[in-house]
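Colleague: I am new to this structure and should like to learn how to read its features in order. May we begin with the sequence and the model themselves?

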Amino acid sequence: MAQARVTARTSRGESVFAEKFGVFAECLLTGVWIAVASLGVVTYPAAFAAGARHLHRRIAHEGGGLREFVADFRVAVRRGWVVGLAGWAVAGAVRVDVQAARAGIPGGPLVGAIGVFALIGAVVALLRAAAVWTPDAGWRALLAGAGRRAVLDPAGSFLIIGGLAVVAASAWFAAPLAIPVLGAVVAAAVAVEERYRHR
């Protein structure tokens, strides 16, 4: 009976509740770091990758903080800015498709819908790639693998889409809320990739 009342403890001596709340708080802080690092417009892939590496360290109880996040971001942005530029090009193309659909061009609604789904798929692949980024990994290989996993693991991809929906809802409710929630989306991508790896 007394054992039933004992609070579960982690390997560091914290209660399970304190551990989980600490991870949640770290996710929100990481979201702020990601938002600041994304101010360079094309730096968002590197920001997500650095955020994912930070959360990996936090979950593994390894040292790490803002200094390590910045170091990872600097490495990731060297080639990641090209991915960011390509992402904006894809978003621009989808915007043209949606405008064509609204203008009443024949076949426009179908093309617009395909464009929106393609953009969502690209965002999911980017987040999955960022979740497994390491300093020695190339973005092209990461994105190709992430695209395959996005198709082969639809349940995980839908979880990430749900996280993106939460960001959108937070932004609609109160724009500043979307900033810390970015960290939760990255945490979801990290969890999805870990789940896929252990299947």
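**Reading the model**

Modeller: From the N terminus on, the elements of the protein run α-α-α-α-α-α-α-α. There are eight helices and zero strands, where helices (H or I, at least four residues) and strands (E, at least two) are DSSP runs numbered from the N terminus. This is a predicted model, in which local features need pLDDT of at least 70 and side-chain atom pairs count only at pLDDT 80 or more, while totals for chains, interfaces and linings use all residues. Residues are numbered from 1 along each chain as its sequence is written, and side-chain values use heavy atoms, with hydrogens and water left out.

Colleague: What share of the residues in the protein is buried?

Modeller: Buried means under 20% relative accessible area, exposed over 50%, and partly exposed in between (1.4 Å probe, protein chains only). Of the 199 residues in the protein, 36% are buried. As for contacts (heavy atoms within 4.5 Å), residues 24 or more positions apart account for 64% of those with a separation of 6 or more.

Colleague: How should one read a single helix, and which residues of H6 are buried?

Modeller: An α-helix has 3.6 residues a turn, so residues three or four places apart point the same way. In H6, the buried residues are Trp139, Leu142, Gly145, Ala146, Arg149 and Ala150. They cover an arc of only 145° around the axis, which puts them on the same side of H6; the arc is that of the directions from the helix axis to the C-beta atoms. On the other side of H6, Arg140, Ala141, Arg148, Val151 and Leu152 are exposed.

Colleague: What covers the buried residues of H6?

Modeller: The cover includes helix H3 (44–59), helix H4 (66–102), helix H5 (108–131), helix H7 (154–173) and helix H8 (178–197).

Colleague: How does the length of H6 compare with what is expected?

Modeller: The expected span of a helix is 1.5 Å times one less than its number of residues. H6 (residues 139–152) has 14 residues and reaches 20 Å from its first C-alpha to its last, close to the 20 Å expected. For H8, with 20 residues, the expected span is 28 Å, and its end C-alpha atoms are 29 Å apart, which agrees. Among the buried residues of H8 are Pro180, Gly183, Val186 and Glu193.

Colleague: How is empty space found, and how much of it lies in the largest pocket?

Modeller: Rolling a probe the size of a water molecule over the atoms shows where empty space is left. On a 1 Å grid over the protein atoms alone, where a 1.4 Å probe fits, a pocket is an open set of points with protein on both sides within 12 Å along at least five of seven lines; lining residues have an atom within 4 Å of a point. Grid points are joined across faces, edges and corners, and a volume is the space filled by probe spheres set on the points. The largest pocket holds about 970 Å³ of space.

Colleague: Which residues lie nearest the centre of the largest pocket?

Modeller: Of the 33 residues that line the largest pocket, Tyr44, Phe48, Gly87, Val123 and Leu126 lie nearest its centre. H3, H4, H5, H6 and H7 each supply at least two lining residues, and H4 gives the most, with eleven. The lining divides into 26 nonpolar, three polar and four charged residues. Here Ala, Val, Leu, Ile, Met, Phe, Trp, Tyr, Cys and Pro count as nonpolar, Asp, Glu, Lys and Arg as charged, and the others, Gly among them, as polar.

Colleague: Which residues line the second largest pocket?

Modeller: Its lining consists of Phe117, Ile120, Gly121, Val124, Ala150, Pro154, Ser157, Phe158 and Ile161. About 170 Å³ of space lies in this second largest pocket, and its lining has seven nonpolar, two polar and no charged residues.

Colleague: Is Thr30 buried or exposed?

Modeller: Thr30, in helix H2 (residues 16–37), is buried, with a relative accessible area of 0%. Leaving aside its neighbours within four places in sequence, Thr30 is in contact with Gly51, His54, Leu55 and Gly183.

Colleague: What is the phi of Val41?

Modeller: Most residues other than glycine have a negative phi. Val41 has a positive phi of about 70° although it is not a glycine, and its place is in the loop between H2 and H3.
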